[in-house]
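Colleague: I would like to test the wording used for this model. Show it to me, and then I will ask what stands behind each term.

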Amino acid sequence: MDNNSLKPKTFWKRPEGKTGMLFMGLLGAGGLYGLYKVLPFLINIVENTLYLGVLLAVLGALIYIVLDPKMRNLIFYMYKSFMRWLTGLFIQIDPIGILKSYIDDLHSNLKKMNKQIASLKGQMKRLQTIIYDNKKNINNNLKLASAAKERDKKGIMILKSRKAGRLKESNMKLDELYKKMEILYRVLVKMYENSEILLEDIEDQVMVKEQERKAVRAGHSAMKSAMNIIAGNNDKKEMFDRALEAIADDVSMKIGEMERFMEMSNNFMDSIDLQNGIFEEEGLELLEKWENEGVSLILGNQKDLLVHDQHSVDLDAPIVKNKTQNNQYSDLFNFED
């Protein structure tokens, strides 16, 4: 996946940003009400020269803060830090904690997906048996029809020919179903393989980045962060957390895609009744809809290759994890001190 798409969210789009907007609105309303209440008192103060001087000094400081970009950044940094602390009292916003919860979700989803693959494999083998038995019955009925024709038994010939025709028509539909099941099987297996890599990658990231984050926080106190802001430099601690948040957002979307595909594949398999040789068109439509959707976050450009692969699936082939895949998130942490 292109790392350019992993854009960290701005402060206002994160949970603490929403809290900040609400808090800022309340502050604004409170400020207006307070101004209304103290306006007569302010007028009396202005009448006093000494108080007027103090008021002008305070006003000058406020103007300086508003006009000076470094001071604005410092005030906004303090405001963001407070809103983050306040939001953290109610919901989990720590990116390391969020990633750890996603690791648990991935473990759970991989177990469910493994069961789905085994269930699908069983259905495909049963379908192979049905198709094979139908082919045998087609040949037997055609032989019986040919024998009846030679004995001039027209009724038996018609009966056996029609039976062979119905079985042939049924096999055409079952062959189409089997090809769809092959697509589903290929995608499930590849999604399982890629999700295993993603899980291992995230577990490594969390273990390493948790230690790095502790080191970054130990070396970047609140005072040093504030000084960086005043100097116009990027704060490494904040950049580190934003990179982790970008990873958490990306993993969240991939887990969502994984769960949606598992739900779709489960509905597809539930729509098939092999015992009676029937299947619902809705199940096929769900799979075709997924095929026509955009690029998969988990599969990437492998999706089209899997969908249009014409080779037969080897149901006895083991699921192999490709361990050569590079760390897809490493570039997010390429920032200077």
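Modeller: Start with lysine 136, which is found in helix H4. H4 is a DSSP run (helices are H or I, at least four residues; strands are E, at least two), numbered from the N terminus.

Colleague: Why is lysine 136 called partly exposed?

Modeller: Its relative accessible area is 42%. Buried means under 20%, exposed over 50%, and partly exposed lies in between (1.4 Å probe, protein chains only). The value of lysine 136 falls between the two limits, so partly exposed is the right term. In space, its C-alpha is 9.9 Å from that of leucine 167, though they are 31 residues apart in sequence.

Colleague: What kind of model is this?

Modeller: It is a predicted model, in which local features need pLDDT of at least 70 and side-chain atom pairs pLDDT 80 or more, while totals for chains, interfaces and linings use all residues. Residues are numbered from 1 along each chain as its sequence is written, and side-chain values use heavy atoms, without hydrogens and water.

Colleague: What makes the length of H4 agree with a helix?

Modeller: H4 has 56 residues. The expected span is 1.5 Å times one less than the number of residues. That gives 82 Å, and the end C-alpha atoms are 80 Å apart, so the two agree.

Colleague: What does UniProt list for residues 103-130?

Modeller: The unreviewed entry lists "coiled-coil region" there. UniProt positions use the numbering applied here, feature names are shortened, and annotations may be inferred rather than shown by experiment. In the model the span is 100% helix and 0% strand, with end C-alpha atoms 41 Å apart.

Colleague: What follows H4?

Modeller: Aspartate 152 does, with a positive phi near 65°. That is a positive value in a residue other than glycine. Aspartate 152 sits in the loop between H4 and H5. It counts as exposed because its relative accessibility is 68%, above the exposed limit.

Colleague: Why does methionine 191 count as buried?

Modeller: Methionine 191 lies in helix H5. Its relative accessible area is 0%, so it is buried. Its C-alpha is separated by 6.6 Å from that of isoleucine 298, 107 residues away along the chain.

Colleague: What makes glutamate 193 and lysine 190 a salt bridge?

Modeller: The term needs a side-chain nitrogen of Lys or Arg within 4 Å of a carboxyl oxygen of Asp or Glu. Here the closest N and O atoms are 3.1 Å apart, so the pair qualifies. Both residues lie in H5, three residues apart, about one turn of the helix. Glutamate 193 is buried at 11% relative accessibility, whereas lysine 190 is partly exposed at 21%.

Colleague: How many salt bridges does the structure hold?

Modeller: Two. Lysine 254 and aspartate 250 also meet in one, at 3.1 Å from N to O. They are four residues apart in helix H7, so about one helical turn separates them. Both are buried.

Colleague: What makes a nonpolar core, and which residues touch the most other members of the largest one?

Modeller: A core is a set of buried Ala, Val, Leu, Ile, Met, Phe, Trp, Tyr and Cys residues joined through side-chain atoms within 4.5 Å. The largest has 51 residues, and Leu99 and Phe268 touch the most other members. Helices H4 (95-150), H5 (154-219), H7 (236-270), H8 (281-292) and H9 (302-307) each give two or more residues to this core. H5 gives the largest share, 16 residues.

Colleague: Is valine 307, in helix H9, buried or exposed?

Modeller: Buried, because its relative accessibility is 11%. Its C-alpha lies 9.8 Å from that of glutamate 288, 19 residues apart in sequence.

Colleague: How do you know that lysine 303 sits over the ring of tryptophan 290?

Modeller: The rule asks for NZ of Lys or CZ of Arg within 6 Å of the ring centre and within 35 degrees of the ring normal. The charged end of lysine 303 is 4.4 Å from the centre, and the contact is listed as sitting over the ring.

Colleague: How many helices and strands does the protein chain have?

Modeller: Nine helices and two strands. From the N terminus the order is α-α-α-α-α-α-α-β-β-α-α. Of its 337 residues, 36% count as buried.
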